[in-house]
Each structure stands twice: as C-alpha cells, then as structure tokens.
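Here are some exercises to work through with the model open beside you. Try each task yourself before you read its solution.

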Protein chains: 2
Amino acid sequence: MKVHLSQQNYHIGNFQLNREKILVEVEYAKSNGADLVVFSELSVCGYPARDFLEFEDFVVQCESTVQEIANRAVGIGVIVGAPTRNPIKEGKDLFNSALLLHEGKIIGQANKTLLPNYDVFDEYRYFEPAYQWKVVEFKGKRIALTICEDIWNLGDNPLYRICPMDELMKHSPDLMINISASPFDYDHDDDRKEVIRMNVLKYQLPMLYCNAVGSQTEIVFDGGSLVYAASGELKCELKYFEEDSCLIDSESLYPATPASDNFPIRVGKDMRVAKSSNPDQIINYLTNDHNIDQVKSALVLGVRDYFQKMGFTKAILGSSGGIDSAVALCIAVEALGAENVTAILMPSQFSSEHSVSDAIALSRALGNPYHVVPIADIYGSFMDALQPLFQKSPFGIAEENIQSRSRGNVLMAIANKYGYVLLNTSNKSELATGYGTLYGDMAGGLSIIGDLYKSQVYALARFINSKQPLIPEPILSKPPSAELRPNQKDSDSLPDYVVLDRILYLYIERRKGPQEIIQSGFDAALVMHVLKMVNVNEYKRNQFCPIIRVSTKAFGIGRRMPIVARYLS
Amino acid sequence: MKVHLSQQNYHIGNFQLNREKILVEVEYAKSNGADLVVFSELSVCGYPARDFLEFEDFVVQCESTVQEIANRAVGIGVIVGAPTRNPIKEGKDLFNSALLLHEGKIIGQANKTLLPNYDVFDEYRYFEPAYQWKVVEFKGKRIALTICEDIWNLGDNPLYRICPMDELMKHSPDLMINISASPFDYDHDDDRKEVIRMNVLKYQLPMLYCNAVGSQTEIVFDGGSLVYAASGELKCELKYFEEDSCLIDSESLYPATPASDNFPIRVGKDMRVAKSSNPDQIINYLTNDHNIDQVKSALVLGVRDYFQKMGFTKAILGSSGGIDSAVALCIAVEALGAENVTAILMPSQFSSEHSVSDAIALSRALGNPYHVVPIADIYGSFMDALQPLFQKSPFGIAEENIQSRSRGNVLMAIANKYGYVLLNTSNKSELATGYGTLYGDMAGGLSIIGDLYKSQVYALARFINSKQPLIPEPILSKPPSAELRPNQKDSDSLPDYVVLDRILYLYIERRKGPQEIIQSGFDAALVMHVLKMVNVNEYKRNQFCPIIRVSTKAFGIGRRMPIVARYLS
C-alpha cells in the first residue's frame with residue numbers, strides 16, 4: 001500500500017481554505033499513485049479550535065467539510081482529523097477523531113483516548129476519551145490508527161491509566177498510523193523521534209506519523225513528520241517549519257528486526273517539564289546554537305503566520321537602540337519583508353545619544369523604514385496636567401511609566417492610523433519579574449521574544465550576526481537600560497541576567513520550589529526576592545499579548561496562575 | 001452526631017491564614033458540642049489554586065497544613081479539602097480530596113471522581129479522577145463523602161460516564177456530605193438546591209452541603225451552604241456572599257419520607273449554558289430585580305475581596321458622567337468606602353458640559369474624592385508630535401484612541417504615584433463588540449461590570465437608585481456616548497442595546513450559531529455583523545483585566561477562543 005503523508009498549515013475555522021488545501025493534496029497524491037493520503041490531527045477545522053468546539057454550528061461545519069472531502073476520496077483513501085459525535089448520552093458530546101474516508105463514506109474511525117490537558121492543551125474540556133478500540137482496515141491492511149498523545153503513554157511513570165496501543169494490539173494490526181498536532185519547543189527536540197521509535201520497537205510495527213505545521217496564535221507546530229520501519233529504522237523525515245509531504249510504500253517498512261533497544265530518553269510525566277536541571281549548565285543549554293537556530297525558525301514562522309492568518313501585512317515596533325527591539329526587528333523583517341516593518345524611534349530627555357544612532361544604524365542595515373518621534377513634549381504635557389495632583393512629589397515610577405506609556409500611545413496611534421500591527425519587544429526575563437510598563441512597553445498585538453530569556457536574546461542576536469552582521473556592535477555590548485531616568489541600568493533593579501535567568505528557568509520551566517533552587521547554589525534572599533517578583537506580577541502578564549511559544553513553559557495560555565493569591569509573595 | 005458546617009472565605013496559597021481560620025472554627029465548633037466540623041473543597045490551599053498545584057513545594061505545604069489541623073482535631077472530627085497523592089504511578093499525581101481528620105490522623109478520605117473541566121474549571125489539568133469508592137466511618141455513621149461536581153451527574157444527559165453516589169450506595173451509607181467550591185452566577189440561582197434535593201430524594205439520605213464563600217480574582221463563591229433532611233425538607237440554608245456556619249444534629253434529618261417528586265430543573269450538560277432562550281424575554285430576564293440584587297452583592301464582594309486579598313485599600317477610576325462609570329463607582333464605594341475611591345474626571349474638547357457636572361454631582365452624592373484633569377493639552381501634544389507622520393489625514397479612530405489612551409495614562413500615573421488600583425468601567429456589550437480602546441478605557445486591574453450587558457448596567461443603576469437616589473437622573477436618561485468626537489453617540493456605531501444585548505446573549509451565553517439566532521427573529525445582516533464584531537475583537541479581550549464573573553459565560557478564563565482564526569468573521 002502506497003501512503004502519502006501530508007503535513008499542512010491550517011487556518012482555524014476557515015473550513016473553505018482547509019478543505020481546498022486537503023483536496024488539492026488528495027488529487028496530487030492520487031496522481032502519484034497513492035492508495036492512502038494522511039493529514040494531521042483536526043485538520044478539517046485547525047488545531048486548537050478552543051471553544052469554537054462548543055458551538056453546534058461549528059461542529060456541523062466540520063461534519064459537512066468531512067463529507068465534502070469524502071465525496072472527493074474517489075479511488076483513494078483519505079485520513080483526516082475532525083471532531084465527531086459521541087453516540088451515547090453519557091459523557092461529553094464529542095470525540096477527537098481520525099476518520100478514514102473512501103468513496104463518499106467514512107469507512108473507518110479512531111477516537112483519541114489520551115487527551116492532553118496540561119500546559120497549552122485543554123482537550124478534556126471538549127472531548128470524551130475513547131473507551132473502545134479497534135483497527136481500521138484498508139486495502140487488506142489492519143491499521144492501528146491513533147491520535148497524537150495516544151502513543152506517548154510509555155515508560156514507568158505514565159500520565160494516563162490506559163495505553164491505547166496495548167488495546168489495539170489485541171486486534172493484530174499490520175501498521176501504525178498516528179496523526180498529530182504536536183508543537184515545537186526547544187526542550188523536546190529529539191523526544192518525538194524517540195517516542196515513535198519506542199513504539200515501533202515495542203510493537204514491532206512500522207509507524208507513519210503525520211504532524212501539523214504552522215503557527216496558531218502562540219503555538220508553533222513544527223512539522224517534521226516521520227516514517228519508521230518496523231526495524232526501528234528512520235525511513236523518512238519531513239521538513240521542519242514548512243509544509244511538506246512524502247510517498248511511502250508500506251511494504252518497504254517490513255520485516256521487523258526483533259531489535260531490543262535502550263530507551264535513552266525520559267518518558268511519562270517528566271516530559272512535561274524542561275530537561276536541563278544542572279544549574280551550571282542552564283545558560284549554555286538555553287543559548288546553544290542548535291536550540292537558537294530552531295527558535296529563530298519558530299519565531300519567523302510565528303510572526304509570518306500571525307500576519308497572514310489575521311489578514312495583515314504591515315507591522316510597527318518601537319526601536320529603542322537596545323538588544324530586545326533589535327532582535328525583534330530582525331525577526332519581523334525576515335518574516336514580513338523589510339518594507340513591511342516600520343521602526344519608530346522615540347527618544348526622551350533621558351535617552352542617550354547612541355540610542356537613536358544605534359537604532360538608525362540597525363534599520364539602515366535591515367533596509368526597513370523608520371521614523372523619529374520625540375516624546376519629551378508629550379511627557380511634559382502629562383506632567384503639566386498632573387501638576388495640581390503630583391505637586392512636589394519626587395520623580396519616581398509614575399514618571400518613568402508616563403514616558404513608557406506615551407511611547408505605547410504613539411505606537412498605537414500610528415498603528416491605528418495606517419492599519420499596522422504593533423509588535424511587542426519584551427523578553428521573558430522582564431515579563432517574569434514585572435520589569436516593564438503595562439500599556440507602555442508591554443503594549444502590542446504579538447510578542448516576538450517574550451518566551452526568550454535575556455540570555456537567549458543575546459544568543460539570538462549573535463546567531464543572527466553570525467550569518468550576516470545586521471545588529472550594530474554597540475547594541476550587543478552596552479549594558480541594558482530602560483532609559484527612563486538619568487543613567488538608569490537594568491542592573492539597578494534586577495540581578496545580573498546570567499544569575500536571574502537561571503533562577504527563573506528553575507522556577508518556571510522546572511517548577512522547582514524555593515528550597516530546591518537555593519540548594520542549587522543560589523543566595524536564599526535573592527531566590528525569595530526573584531520568586532516573589534514573578535508571583536506578584538501575575539496581574540501584568542495577565543494583560544499581555546500572545547507570546548510565540550518556544551519553551552516548555554511560556555507565559556500565557558500554558559501557564560495559569562492565580563492573580564489574587566499569597567504564595568511565595 | 002452533631003455536625004458543624006462552616007462556609008469560609010480562603011486566600012489562595014496563604015496557608016497560615018487558611019489554617020488559622022479553620023482552627024479557630026474547629027475550637028468554636030468543639031465548644032458548641034459538635035462531633036464533626038465540615039469545611040469546603042480545597043479549603044487548605046484555597047480554590048482555584050491553578051498551576052500552583054504543579055509545584056511540589058505547594059503540595060508539601062498543603063500536606064503539612066493538613067497535618068497541623070489534624071493535630072488539633074482533638075475530640076472532634078474535621079473534614080477539610082486538600083490535594084493528596086495518587087499512590088499509583090499511572091495517571092496524574094494528585095487527587096482532589098476530602099479528608100476526615102481525627103486525633104492527629106487522616107482517618108478517612110474521599111477523592112473527587114467528576115472533575116469539572118469546562119468554563120472557568122480546569123480540574124483535569126491537575127487531578128486524577130477517583131476510580132474506587134468507599135464510605136467514611138465516623139461515630140458509627142457511614143458517610144457518603146463527595147466533592148462538589150460528584151453529585152451533579154444526574155438526569156438523562158449526564159456529562160460523565162460514571163456516577164460516584166451510585167457507587168457509594170453499594171456501601172450502605174447513612175448520610176451524604178458534600179464539600180464544594182461552587183461559584184455564583186445569576187443563571188443558576190436555584191439549581192444548587194434542586195440538585196441537592198434530587199440527590200436526597202434519589203438516595204433517601206440526608207445531605208450536608210458545605211460551599212465556599214468569597215471572591216477569587218474573577219470567580220465569586222456565594223456560600224449558601226445547605227442541609228436537607230432525608231425527606232427532602234430543607235433544614236438549613238447558610239447566608240449568601242458572607243461567611244456563616246450552623247450546627248445540625250444529624251438525627252434530626254431522619255426518617256426518610258419515601259417521597260416521589262418531579263424534578264423541575266434542567267440537569268446534565270444543559271446546566272452549562274444559560275437558561276433563558278426566548279428572545280423576547282431575554283432583557284426582562286437579564287434585568288429582573290432578583291437577579292440584579294444578587295449581581296450587586298456579587299460585585300461588591302468581588303471588589304472587596306480583590307483589594308483585601310491583594311493587600312490594597314485605595315482605588316481610582318475614570319468618571320466620565322456616563323452610566324458605566326457611575327455604576328462602577330457606586331459598587332466600588334460600597335465595597336471599599338467612599339474615602340478610598342478617587343474619581344478622576346478628564347474632559348477633552350469633545351466632552352459635553354454636563355459630563356463633568358453629572359460626574360461631580362455623583363461624587364458629591366457618594367461622598368468620594370474627585371479631581372478634574374483636563375486632557376486637551378495632552379491630546380494636542382500627541383497630535384503635534386505625530387504631525388510629521390499624520391500630516392493632513394482626516395480625524396479618525398487614531399485620534400479618538402489617542403484621547404482614550406491619554407486618559408488611561410493619566411489614571412495609571414496617579415495610580416502609580418499613590419499606590420492605587422485602577423478599576424475598569426467597561427461593560428460586556430462594549431467588550432463583546434470591541435467598542436473600547438485597548439490601553440485606554442480598557443485599562444485597569446479589575447473590571448467591575450465587564451460581565452454585565454449595557455441593559456443590565458441600566459437595571460443596576462435603577463436598582464441602586466431605588467434604595468437611595470445616588471446616580472443623577474441625567475446619567476440615566478442621556479444617550480450613551482464615548483465623547484471622542486463632536487456629537488458622537490454609541491448608536492452611530494452599534495445597534496440599539498436592547499437588540500444588541502439579545503443577540504450577544506444568544507451567541508455568548510447560549511452558544512447559538514448564526515442561523516439559530518436569525519431564526520429567533522433578528523435581521524440576518526445585523527446578526528452576521530454582530531457575530532463578526534465579537535470574533536474579530538478577541539485580541540482586545542485577550543489583553544483585558546479579570547472581570548468579576550456573574551453570568552454563565554463571562555469573558556476571560558472561562559471563555560477560550562482562538563485569536564488567530566476565521567470563523568464567522
């Protein structure tokens with residue numbers, strides 16, 4: 001049986017577009033002699049459709065799209081992902097299903113058993129877990145058809161009490177097919193391959209694994225679909241961060257070599273936290289070239305898909321002459337084209353001379369348009385209006401924030417005037433500690449580097465410059481500063497980033513408590529101070545825009561903390 | 001057996017405070033001769049603790065707090081709610097448990113079976129469902145101990161495939177005790193009583209039901225704990241929206257009258273959507289005095305608890321002379337005291353004369369401090385700075401938003417200067433349609449009336465004035481306007497609120513699709529326009545502050561929509 005795997009980039013709720021993408025590929029696969037074409041999880045509606053799944057109208061549109069695809073599955077089998085109805089009254093109304101379509105009909109169906117409900121995933125909110133299992137038969141093959149998480153319940157500390165592949169093995173399958181929507185993060189680079197290989201070796205069957213690609217608001221699906229022979233040999237690996245497909249003859253995937261193998265990776269619940277926990281190696285781990293290279297691809301795809309799927313072409317951002325806005329600007333220019341990204345330089349009386357000159361040099365190197373809009377007079381008008389209230393109170397946080405919010409207002413005004421989207425340039429270290437101004441530098445529609453610690457922002461800058469020297473050297477070498485008061489430095493308020501980022505990583509990615517972090521070799525008072533900063537600034541992050549997720553634990557939908565609470569705070 | 005039910009207001013993660021509250025009540029119950037004292041769901045750590053539950057340190061603190069309470073359960077049994085460890089490796093690591101403490105030990109335990117994972121609930125994110133059931137024995141009584149959702153799986157369309165009370169009945173219990181954290185909404189006023197009575201009549205056993213009280217960021221727990229005799233007779237109903245307790249002799253709750261009874265309410269999955277669906281009655285339903293009275297209590301508690309638990313005392317808000325800020329100000333003053341709520345009036349060149357005079361009259365009636373900060377010069381300074389970019393482009397949305405964001409900046413500056421919290425005054429109709437300015441009138445730390453449609457805001461204003469005439473008549477009678485350009489009216493951009501609110505309610509609370517709404521008697525083009533406005537403004541609401549939730553479907557954590565999508569948009 002010849003199987004065509006197709007990893008595509010879907011648009012959530014855009015049934016017409018998704019259907020057309022799928023149908024074009026079905027015709028292409030057929031013309032190449034494929035017997036079966038496989039698409040990714042929930043391909044019909046896009047993943048994650050979130051609470052759209054609670055709308056009957058949305059589910060009906062999924063069903064009619066499935067039927068339209070089935071009608072075109074003439075002379076070829078088509079596996080798509082779609083929500084389907086739970087036929088019994090007990091339990092939730094929907095399943096997350098893989099459907100085998102052929103000659104106008106649904107001739108096979110598998111429902112997802114293991115519903116991820118951690119981090120960015122909410123599948124148990126919508127779906128009933130499968131409670132019966134059988135193989136799907138096509139062209140004489142008995143296919144163990146599963147959906148994403150279904151094949152991840154291996155190891156001796158599994159997250160679920162049931163293993164659907166064990167159940168399916170009772171029905172003597174010949175072949176495993178898994179359809180997925182499995183997102184990228186730099187911490188799980190090799191896990192996917194290892195998990196699939198573990199399944200192959202455990203069940204002695206070939207596996208065809210079809211992943212989604214494309215960014216959906218904050219979640220980047222990275223593709224990299226895989227085919228393993230029953231022997232455990234990798235036969236095919238599709239591209240990462242772009243659409244791709246391949247045609248495989250399933251007969252080439254046998255026989256199984258009865259291999260035994262060590263399983264070198266963590267499996268089970270541990271997979272849900274980041275890998276590196278040696279405090280001395282964290283910075284090296286976070287900033288190594290392999291990780292940073294992938295992160296860059298994910299960010300470019302994240303920006304590009306946000307604009308394309310939202311129907312925008314032009315972006316604006318505040319370019320301060322600092323490292324964060326420099327890196328964000330480079331990514332935006334790569335994603336959208338230099339002509340589509342306008343940099344706004346907004347010096348105040350507290351800005352250093354080189355801020356403007358460095359930002360101008362950067363935009364000249366990138367070739368993107370830029371404008372200078374000084375804010376000193378705007379700041380003065382606020383101070384005048386507030387004089388009756390503020391009187392002779394000393395310069396402080398309020399005055400700093402007025403500057404930052406004036407910049408936010410200028411940026412949003414230009415964005416509103418010309419239909420641009422404001423890109424945010426905050427980094428994860430700032431967001432974690434609350435070192436940012438709500439409605440000021442925290443404004444924007446999409447955060448490019450909000451899941452990168454400051455150390456990673458520097459690494460990404462160096463990585464970018466290693467390919468082409470775009471970012472002026474002073475931006476890389478000068479000490480970080482918000483420039484909201486004379487001679488201000490980040491280090492006035494925050495620990496050195498190399499120390500800070502390690503503590504943050506242990507707390508956020510590794511979910512270590514204060515005692516564990518202190519025992520890793522950090523000053524106790526500093527650890528308590530950092531953890532308190534993280535926790536008391538939850539209210540700020542709660543109003544922040546979506547962040548392109550590249551780590552195992554990004555701020556946003558995947559990290560849900562109480563705002564009103566008193567814990568480590 | 002004498003049972004003391006205690007509904008308390010906990011602080012999430014504040015183990016010391018929660019423990020002391022519980023221990024004081026244990027001593028009080030003991031001094032009143034109680035054999036057993038019952039506290040609400042997850043009382044030890046507060047509900048919902050969200051991702052704090054993923055921290056080992058947090059779980060350890062729950063365990064040590066439980067032990068400290070057990071050590072003081074001398075001569076009395078104590079039932080508390082806490083997370084506990086799943087003893088087997090398979091499945092998630094925690095249960096959501098009710099623990100019976102006595103003489104320093106945990107002598108009984110029930111784990112929650114039915115884990116709500118809809119709307120604001122995420123319990124399957126943290127907990128493994130119970131998979132075995134037994135009664136808890138104390139003082140010769142066999143107690144069927146359950147947790148909140150466990151008793152809600154009745155009716156012929158249940159949300160779960162298992163019914164834990166049916167399992168517990170196999171062990172011949174004498175008595176049902178349920179510990180809950182069940183939030184308020186005006187749509188489910190009577191459901192709780194009916195569900196408990198249905199359980200009592202079905203199982204022919206008395207029920208002691210202990211609910212939490214108090215507001216946790218956006219979720220308001222309303223108390224109203226209940227005791228039903230086995231006959232179905234209501235024996236005790238604790239207060240709503242405040243702490244309360246009662247002592248019940250369980251012997252007074254027998255014998256069961258073998259009553260048969262009609263079950264007049266919806267049960268099963270339908271409970272998750274709002275009740276009223278007759279389009280002609282929606283406005284009457286939303287604005288009736290009974291609902292509005294409860295909503296007002298919930299909002300006052302919501303504001304009060306936010307400040308108290310965050311450690312703030314003083315609030316600031318923008319007072320425009322319009323109905324929304326007037327109602328928000330009345331609620332804030334009732335919650336925090338007039339002296340703690342500062343109103344800022346920020347007229348521009350587009351403000352009408354009466355805006356300022358009406359706002360001043362309101363603050364004089366309420367007795368709260370107010371200040372006037374004109375923003376015309378600030379607006380002018382932005383326009384000057386942007387002149388090189390904007391040139392001769394016509395006045396439009398950008399210029400309107402500059403005014404709104406200048407006000408946001410003024411409010412935040414004062415809040416930052418004096419340590420106040422900015423209260424937001426947006427209503428649900430505006431938030432739904434995107435009729436508001438991000439970082440402008442959408443700024444603030446807590447939204448008071450963001451879950452009230454405009455029709456409900458008017459009803460609440462009339463309700464407030466019916467008790468005491470606080471809101472000046474012109475505020476109630478003048479047509480709503482944002483006053484961001486000459487002679488602007490809300491009705492220039494939006495349908496009449498009476499029509500708009502009905503469409504929004506059908507879409508948001510009832511989750512009706514466009515065809516169903518149109519078939520209810522609304523203009524098709526208008527319905528499509530409104531639904532599109534709701535969907536394309538998801539990015540704005542995503543950056544909005546927490547909204548005190550009073551409906552079955554508030555914007556925020558309980559409504560999770562894709563931002564990048566194309567569905568009805």
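**Exercise 1. Find the domains of chain A, and describe how they touch.**

Step 1. Chain A is split into domain 1 (2-256) and domain 2 (282-494); such bounds come from an automatic or database domain assignment. This is a predicted model, in which local features need pLDDT of at least 70, side-chain atom pairs count only at pLDDT 80 or more, and totals for chains, interfaces and linings use all residues. Residues are numbered from 1 along each chain as its sequence is written, while chains are lettered from A and ligands numbered from 1 in the order in which they are written.

Step 2. Between the C-alpha centres of domain 1 and domain 2 of chain A there are 40 Å. Domain 1 of chain A gives 10 residues to the contact and domain 2 of chain A gives 10 residues (two residues are in contact if their C-beta atoms, placed from the backbone, lie within 7 Å).

Step 3. On the side of domain 1 of chain A that touches domain 2 of chain A, the elements giving two or more residues are β10 (213-216) and β11 (219-222) of chain A. Helices (H or I, at least four residues) and strands (E, at least two) are DSSP runs, numbered from the N terminus.

Step 4. Sorted by class, that side of domain 1 of chain A has 5 nonpolar, 3 polar and 2 charged residues. Here Ala, Val, Leu, Ile, Met, Phe, Trp, Tyr, Cys and Pro count as nonpolar, Asp, Glu, Lys and Arg as charged, and the others, Gly among them, as polar.

**Exercise 2. Look for unusual backbone values.**

Step 1. Start with the general rule: most residues other than glycine have a negative phi, and most peptide bonds are trans.

Step 2. Go to the loop between β10 and β11 of chain A, where Thr217(A) lies. Phi of Thr217(A) is positive, near 55°, and this residue is not glycine.

Step 3. Now check the bond from Tyr254(A) to Pro255(A): the peptide is cis, with omega near -10°. Pro255(A) sits in the loop between β14 (244-249) and α5 (282-287) of chain A.

Step 4. Turn to chain B, where a cis peptide bond joins Tyr254(B) and Pro255(B), with omega about -10°. Pro255(B) belongs to the loop between β14 (244-249) and α5 (282-287) of chain B.

**Exercise 3. At what angle do α6 (289-310) and α7 (323-336) of chain A pack?**

Step 1. The angle is about 60°, and the axes of these two helices are 8 Å apart. Axes are lines fitted to C-alpha atoms, for helices over the stretch in contact, and angles run from 0 to 180 degrees between N-to-C directions.

Step 2. α6(A) and α7(A) are therefore oblique to each other. (Angles under 35 degrees count as roughly parallel, over 145 as roughly antiparallel, 65 to 115 as roughly perpendicular and the rest as oblique.)

Step 3. From α6(A), the contact uses Leu299(A), Val300(A), Val303(A), Arg304(A) and Phe307(A), and from α7(A) it uses Ile331(A), Ala332(A), Glu334(A), Ala335(A) and Leu336(A). By class, this contact of α6(A) with α7(A) has 8 nonpolar, no polar and 2 charged residues.

**Exercise 4. Describe how chain B meets chain A.**

Step 1. Count first: 86 residues of chain B and 86 residues of chain A take part in the contact. On the side of chain B that touches chain A, α10(B) gives the most, with 14 residues. That side of chain B has 42 nonpolar, 21 polar and 23 charged residues.

Step 2. A turn of 180° and a shift of 0.0 Å along the axis lay chain B on chain A with an RMSD of 0.0 Å (copies are superposed by least squares on the C-alpha atoms of residues with pLDDT of at least 70 in both). This is the relation of a two-fold axis.

Step 3. The same surface serves both copies, as 100% of the contact residues of chain B recur in chain A. Among the residues of chain B, Gln543(B) comes closest to the rotation axis, at 2.1 Å (C-alpha).

Step 4. Zoom in on α10 (397-418) of chain A and α9(B), which pack at about 40° with axes 11 Å apart. In this pair, Asn409(A), Val410(A), Ala413(A), Ile414(A) and Lys417(A) meet Phe382(B), Ala385(B), Leu386(B), Leu389(B) and Phe390(B).
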